[in-house]
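Reader: I would like to go through the contact between the chains, then a single residue. Please keep the reasoning explicit.

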Amino acid sequence: MTAGADELIRLTAREAVARLKRRELTPLDLVEAAAARIEAVDGAVNALPIRCFDRARDYAKRLMEGKGREREDHPGWLAGLPIAVKDLIDVEGVRSTFGCPVFADRIAPKSDPLVLRMEERGGIVLARSNTPEYGSLATTWNPIFGHTSNPWNTSLTCGGSSGGAAAALAAGEVWLAHGTDIAGSLRIPASCCSIVGLRPSFGRVPRAISGRAFNPLAVQGPMARNVGDVALFLDHLAGYFPDDPLTLEDRAEPFARAAAEPSLPPRIAFSPDLGFAPVAPEVREICAAAARRLEGHGAVVEQASPDMAGAEEAFMPLYQMSLLLDRQEVVEQHPGRIAPAIVEPLEAAKRMTTVELAAAERARAAIVVRFNEFFRTHDLLIAPTVSVPPFDKELRAPAEIDGQPSRYDFHWIALSYAVVLTGCPALAMPAGFTADGRPVGLQIIARPRDEAALLRAGALLEQLTGLAERVPIEPRTGAAA
Amino acid sequence: MAASAELIRLTAREAVHRLSKGEVTPLELIDAAVARIEEVEPTVHALPTLCVERARDHARRLMQNRAVLQGGARGWLAGLPIAIKDLNEVAGVRTTHGSPIFADHVPQKSDVVVERLEANGGVVLAKSNTPEFGAGGNTFNEVFGETLNPWNTALTCGGSSGGAAVSLATGEVWLAHGSDHGGSLRTPASFCSVVGLRPSPGRVPHGPGAYAFYDMSVNGPMARNVGDLALFLDAMAGQVLADPLSTPAPASSYSELVASPKPPKRVGFTADFGGAVAVEPEVREICARAAKRFADFGAEVEEASPDFTGAMDAYHVIRAFSFVASRWPLIEQHRDKFKPEIVWNAERGLKMTAAEFGAAQRTRSAIYQRMVDFFAEYDLLLCPAASVPPFDVKKRWVEEIDGRRFDNYVDWMSAACVISLTSCPAASIPCGFTADGRPVGLQIVAPMRDEASLLQAAALFEEASGLAGQLPIDPRPGTAS
């Protein structure tokens with residue numbers, strides 16, 4: 001690709017949008033730069049298997065003709081920046097498969113409301129990012145498109161389920177990538193690929209109505225290469241949307257402002273394991289070291305954790321029920337053709353009694369009480385995002401964690417799903433690298449609805465670690481073990 | 001007692017205004033309320049527990065901050081005495097939940113809604129009567145007996161916030177807190193000719209409870225008129241850590257909006273929820289006439305309804321599950337101390353599978369979509385708040401309406417329950433009386449989170465109805481038939 005295009009893909013999203021607004025760049029310039037980059041590197045990672053470059057060019061030209069600019073004054077206006085959308089929400093006229101072979105050739109009849117919002121607010125959908133089938137795993141493989149590989153070492157997993165999004169960002173294919181999160185899927189791949197993913201509060205970013213309209217577990221959210229870009233993307237996606245019953249009212253201030261004011265609240269807690277999860281020693285150390293960097297910048301950092309006992313027992317039934325709400329129809333309509341990772345939890349939900357479900361709800365409520373009590377004495381909680389560094393991409397899950405056998409596929413992501421129970425927002429960002437160069441990420445967790453606190457603290461931590469400067473990279477090969 | 005009688009006739013807003021100006025003290029208002037309570041309580045039994053000394057202590061503490069008070073820092077209520085429903089704990093005050101199991105229970109900590117109200121200057125004076133655990137639309141229980149309708153003391157005041165409604169109608173308090181799952185803020189408002197608002201989930205924080213993410217059960221305000229209702233909502237609304245569903249208070253207060261209300265452009269009215277709910281003919285006529293009044297302030301009124309097919313079945317399933325989630329351990333232990341209706345309701349929940357619960361949530365999502373589609377055409381939905389006027393207090397529940405028979409204690413409240421299912425905000429505003437003098441309320445339903453539009457329309461309707469200003473009344477005897 002040209003030197004000019006290479007420079008463009010290295011811009012931050014904010015700088016790219018600023019140049020678009022100043023008319024120093026056109027949307028078409030960025031579409032072509034990203035398209036060229038994708039064609040150059042995606043073969044090595046397979047992050048963006050579905051591309052709609054011509055559609056994107058049409059959108060770019062429309063904007064350049066002055067059309068579709070009604071929301072120009074919105075704080076989340078992207079002025080024509082190309083975006084990747086996860087292959088779990090529909091884009092009209094574009095192949096939309098959910099990573100499921102039943103829908104391998106499906107062309108979406110209409111766009112998800114969030115995609116409509118992106119397009120109204122100046123985002124241009126350029127490509128769709130790879131996901132495991134229906135987002136069902138924390139690694140990214142599906143029968144249609146195969147693996148997405150970690151650009152830092154293409155033998156390793158990029159995490160999941162927003163794995164394609166994370167890999168595309170790390171490899172410089174797009175500036176912003178949309179993702180979803182029900183058990184950690186915005187944050188796990190961010191950790192694996194050394195980029196930033198934010199799990200917002202439920203209701204912050206609209207979801208299309210589905211069978212689980214009132215269920216707060218699954219959210220949509222922003223991913224980017226750095227905290228400031230995530231904040232911009234959150235402004236782009238967030239806002240009142242009454243078609244989603246969980247919707248929150250608009251905030252007075254844009255999230256971008258929080259990210260532009262790096263600062264810490266006075267009391268920060270760090271926990272290597274949230275009091276319950278097995279965690280590899282190297283992950284503990286790298287995350288602890290990153291958290292310690294915050295000392296002396298207006299905060300005291302102490303080792304402490306809310307008591308998350310019962311998180312696994314609470315989460316799994318609620319997760320299973322959530323799948324039942326949304327996927328029962330597709331499983332029944334296509335028997336034998338949907339991934340076991342969807343079918344098995346769904347079957348478990350069907351066997352569940354109301355007493356069991358009620359017990360899970362009560363366990364969740366008890367955790368929430370303890371978690372919230374913790375926020376009376378601490379302002380932020382930092383922990384690793386996942387228990388291990390990225391592992392062999394051929395595996396669905398690591399075989400062991402910190403010397404103990406892994407008991408189930410989600411065992412290594414317990415730290416991520418535990419947070420989902422609380423409803424708190426969480427920001428996953430780079431913490432460092434293992435001795436053999438594998439990314440390790442941490443998550444910052446704030447009080448309910450307080451994404452702004454996450455962005456202020458994340459922006460400061462990012463300045464201190466300097467890790468945002470390391471991306472984008474050229475995909476690299478490496479050993480699996 | 002002329003001064004006292006004058007004080008209890010003030011609106012809550014006037015009382016708060018005089019408090020903030022120092023023209024009256026919280027102690028004087030407590031005395032006035034107590035005098036009125038002594039006059040009417042022997043007849044209506046609305047406020048079975050008083051905490052007068054506690055209230056006086058709180059009042060004195062507020063009065064010591066006089067300088068602070070004049071700056072408005074006493075909060076929205078400035079020392080106004082209020083009643084709290086006996087389902088919500090008040091620290092140091094007997095809180096029975098209407099149940100013999102808790103007949104002597106004195107909690108150490110208050111429910112967060114009580115904490116919030118006290119922080120906003122509300123002085124808790126009394127607990128208002130409720131049926132056992134708030135279950136049912138007729139306010140009677142084994143601990144305190146029946147609460148009677150002041151318009152005709154042979155009749156029920158509805159439920160479950162029956163004591164609250166009666167305390168307002170008789171002038172015992174200016175503002176009374178309530179809660180609503182199957183109409184408990186709206187049915188008693190309808191039956192007692194007061195106003196009650198069921199807010200969106202998370203608008204009014206409450207708890208913590210055993211089932212923290214349960215969005216179908218909400219707390220809310222009741223008052224004698226819409227302006228006071230808005231004030232009370234302002235005093236309640238806001239986010240607290242202990243309630244993970246709670247959302248921040250809106251930027252503009254409800255009080256401001258209601259002071260200069262803007263009319264809706266177009267409203268849809270249904271006398272019987274598109275045929276899905278049985279409603280007595282006289283109630284249908286009174287509500288239809290009331291709906292037409294919306295034209296007086298410039299709204300287009302059309303007959304229209306979302307499709308509520310399947311709503312009541314889904315409501316029943318979700319309701320039954322909530323008994324298992326929040327009450328089952330207790331019911332199991334003390335079965336003989338629960339009223340048969342609650343045991344029936346919990347057993348229904350136990351017999352269900354989690355999968356049936358899932359199916360009901362899917363139906364709920366589908367019905368929410370129908371509300372969304374309706375609100376694309378109409379700003380508000382108007383309908384009856386209750387299917388019947390107040391009935392004989394000796395009847396535990398209504399078995400037949402307009403030829404349809406019911407076999408359980410919930411179905412007669414379908415007018416409220418189908419709306420509860422959608423979680424949209426809904427209020428009951430007095431709209432007339434039957435030929436034999438029994439109150440009827442109009443239900444106004446707004447899109448999710450849009451209490452602002454709802455309250456403004458309610459204010460305009462209240463003015464157009466000519467019914468404002470009739471309260472408080474002295475209790476009147478009458479016959480049941």
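Author: A salt bridge is a side-chain nitrogen of Lys or Arg within 4 Å of a carboxyl oxygen of Asp or Glu. The model discussed here is predicted.

Reader: Which side chains meet in a salt bridge between chain A and chain B?

Author: The count between chain A and chain B is 1 salt bridge. Its N to O distance is 2.4 Å, and the cut-off is 4 Å. The side chains that meet are those of Arg203(B) and Glu249(A).

Reader: What area is buried between chain A and chain B?

Author: The contact draws 44 residues from chain A and 42 residues from chain B. Phe214(A), Glu249(A) and Thr354(A) supply 21% of the area that chain A buries against chain B, more than any other three residues. Carbon and sulfur atoms give 64% of the area buried between the two chains, which is about 3300 Å².

Reader: Which helix gives the largest share of the side of chain A that touches chain B?

Author: Between the chains, 18 residue pairs are in polar contact. On the chain A side, α11 (311-333), α12 (340-351), α13 (354-377) and α14 (414-422) each supply at least two residues. The largest share, 13 residues, comes from α13(A).

Reader: Is Leu460(B) buried or exposed?

Author: Leu460(B) lies in helix α16 (residues 451-465) of chain B. Beyond four places away in sequence, Leu460(B) touches Pro261(B), Lys262(B), Pro263(B) and Phe297(B). The relative accessible area of Leu460(B) is 14% and the cut-off is under 20%, so Leu460(B) is buried.

Definitions and conventions:
Residues numbered from 1 in each chain as written. Chains lettered and ligands numbered in written order. Predicted model: local features only at pLDDT ≥ 70, side-chain atom pairs only at ≥ 80, totals over all residues. Heavy atoms only, no water. Contact = heavy atoms within 4.5 Å. Buried area = accessible area lost by both parts, 1.4 Å probe. Polar contact = N/O pair within 3.5 Å; in protein donor to acceptor, adjacent residues only side chain to side chain. Helix = DSSP H or I, 4+ residues; strand = E, 2+ residues; numbered from the N terminus. Buried < 20%, exposed > 50% of the residue type's maximum accessible area, 1.4 Å probe, protein only.
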